[in-house]
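This report walks through a single protein chain, moving from its charged side chains to its strands and its core. Please keep the sequence and the structure in view while reading.

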Amino acid sequence: QLQLVESGGGSVQPGGSLRLSCTASGSPFKYYGIGWFRQAPGKEREGVACISSSGGTTSYADSVKGRFTISRDSAKNTVYLQMNSLKPEDAADYYCAADPIHPIIPTLDPLSYDYWGQGTQVTVSS
């Protein structure tokens with residue numbers, strides 16, 4: 001069974017940067033599409049970015065395009081989310097998830113993801 005662990009969350013000022021990591025274990029990581037999602041208090045979980053199993057295809061929510069970058073290092077079984085120019089509205093709990101059904105063309109639909117990490121909190125405030 002695939003297990004995912006997020007790390008790298010924290011508190012930053014607006015305009016700052018953070019890099020989140022999602023490390024997998026328990027199953028061949030290379031066969032899964034991986035997505036990053038976030039959920040703020042009182043809001044629905046939303047897809048932020050996703051990456052194909054090969055790393056060659058990525059997709060981003062409009063709200064983070066040009067500021068966030070998703071990447072993966074298969075040798076380390078890790079997917080990263082580099083977040084730059086952070087805004088207060090980016091504050092949320094961030095989760096990574098694995099999609100076994102769409103490894104080639106990843107999706108931002110959380111319903112496609114079967115395996116989820118426990119989340120890491122991101123706070124953006126001055």
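## A salt bridge between two loops

Which side chains meet in a salt bridge with 2.7 Å from N to O, one of them being that of D90? In this predicted model, the partner of D90 is R67, and their side chains meet at that distance of 2.7 Å, N to O. D90 lies in the loop between β8 (78–83) and β9 (92–99), whereas R67 lies in the loop between β6 (58–60) and β7 (68–73), so the pair ties together parts that are 23 residues apart in sequence.

Both partners are withdrawn from the surface by the accessibility criterion, under which buried means under 20% relative accessible area. D90 is buried with a relative accessible area of 1%, and R67 is buried as well, with a value of 11%.

## The wider set of charged pairs

The count of salt bridges comes to 4, and a network of them links R38, E46, R67 and D90. Within this network, E46 forms a salt bridge with R38, and the closest N and O atoms of that pair are 2.7 Å apart. The two residues fall into separate accessibility classes, because E46 has 34% relative accessibility and counts as partly exposed, while R38, at 6%, counts as buried.

Another salt bridge joins K65 to D62, with the closest N and O atoms 3.1 Å apart. Here D62 counts as exposed, at 65% relative accessibility.

## An open sheet of four strands

Strands of a sheet pair through backbone hydrogen bonds, either parallel or antiparallel. In this model an open sheet of 4 strands has the order β1-β3-β8-β7, and its pairing is antiparallel. The edge strands are β1 (3–7) and β7, each of which pairs on one side only. Neighbouring strands of this sheet are turned against each other by 15° on average, with direction ignored.

The antiparallel strands β7 and β8 are joined by 6 bridges. As for individual residues, D73 has T78 as its bridge partner in β8.

## The nonpolar core

The largest nonpolar core has 30 residues, and among these W36, L81, M83 and Y94 touch the most other members. Several strands contribute to this core, since β3 (18–25), β4 (33–39), β5 (46–51), β7, β8, β9 and β11 each supply at least two of its residues.

L81 illustrates these surroundings, for when neighbours within four places in sequence are left aside, its contacts include L18, L20, W36, V48, F68, I70 and Y94. The polar residue T69 and the charged residue R19 are also in contact with L81.

## T120 and S11

T120 is found in strand β11 (residues 120–124), and with a relative accessible area of 11% this residue is buried. A polar atom of the T120 side chain lies 3.1 Å from the backbone nitrogen of G9. Not counting residues up to four places away in sequence, T120 touches E6, S7, G8, G9, L20, A92, D93 and Y94, and Y94 is also one of the residues that touch the most other members of the largest nonpolar core.

S11 has its place in strand β2 (residues 10–12) and counts as exposed, at 59% relative accessibility. Although S11 and S126 are 115 residues apart in sequence, their C-alpha atoms are 9.6 Å apart in space.

Conventions. Residues numbered from 1 in each chain as written. Predicted model: local features only at pLDDT ≥ 70, side-chain atom pairs only at ≥ 80, totals over all residues. Heavy atoms only, no water. Buried < 20%, exposed > 50% of the residue type's maximum accessible area, 1.4 Å probe, protein only. Pairing = 2+ DSSP bridges. Axes fitted to C-alpha atoms, helices over the stretch in contact; angles between N-to-C directions. Polar contact = N/O pair within 3.5 Å; in protein donor to acceptor, adjacent residues only side chain to side chain. Contact = heavy atoms within 4.5 Å. Core = buried A, V, L, I, M, F, W, Y, C linked by side-chain atoms within 4.5 Å.
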